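Here are two exercises to work through with the model open in your viewer. Try each task before reading its solution.

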Amino acid sequence: MKDIFIYSRFNYLSERCIANILSQFVACLFFLSFLKILSKTIIITGASAGIGLALAEYFGKKGNKVYGLSRKVVNSDYFVSIPTDITEKDQIDNAISEILKTETRIDVLINNAGMGMVGAVEDSTKEDITKL
């Protein structure tokens, strides 16, 4: 049986997959610079590493108020890290409530968090697939 590979930022990535990720990253930067987002409130999920961390630092350096949501806390001078498992609705609600205590609105949401599953599809449980 053939194994199915689903992207995870911690797994091996093909050149095509990397090119796709980079093109999405560039498109995101172009879109946000096109809108001239300055001093906006931005939430970025998956901000503990990789593209999410790079985006959070980039937009924070540009003067935006950035909140990074990830399971792991990140110490950064450019954005506020809020530990959040986005697969848990209560944690998302708590993170949004925490942000809205100091901000009047949320201008941009970048859903960057990734999750992966490796193995044969027929070996997956319903819970694994639902969580993915």
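**Exercise 1.** Work out the strand order of the open four-stranded sheet, then place the helices on it.

Step 1. Read across the sheet: the order is β4-β3-β2-β5, and the pairing is parallel. Strands here are DSSP E runs of at least two residues, helices are H or I runs of at least four, both numbered from the N terminus; two strands pair if DSSP finds at least two bridges between them.

Step 2. Find the edges: β4 (80–83) and β5 (108–110) each pair on one side only.

Step 3. Zoom in on β3 (residues 65–70), which runs parallel to β4 with four bridges between them. Gly68 has Ser81 of β4 as its bridge partner.

Step 4. Add helix α3 (residues 89–102), which packs on the sheet and touches β2, β3 and β4, at about 150° to the direction of β4. Angles run from 0 to 180 degrees between N-to-C directions of lines fitted to C-alpha atoms, for helices over the stretch in contact.

The model is predicted: local features need pLDDT of at least 70 and side-chain atom pairs 80 or more, while totals for chains, interfaces and linings use all residues. Numbering starts from 1 along each chain as its sequence is written, and side-chain values use heavy atoms, without hydrogens and water.

**Exercise 2.** Decide whether Thr41 is buried or exposed, and find its polar partners.

Step 1. Thr41 sits in β2. Its relative accessibility is 6%, so Thr41 counts as buried (under 20%; exposed is over 50%, partly exposed in between; 1.4 Å probe, protein chains only).

Step 2. Its side chain makes a polar contact with that of Glu103 at 3.2 Å (N or O atoms within 3.5 Å, one able to donate a hydrogen and the other to accept it; residues adjacent in sequence count only if both atoms are side-chain atoms). The backbone oxygen of Arg105 lies 3.4 Å from a polar side-chain atom of Thr41.

Conventions: Contact means heavy atoms within 4.5 Å.
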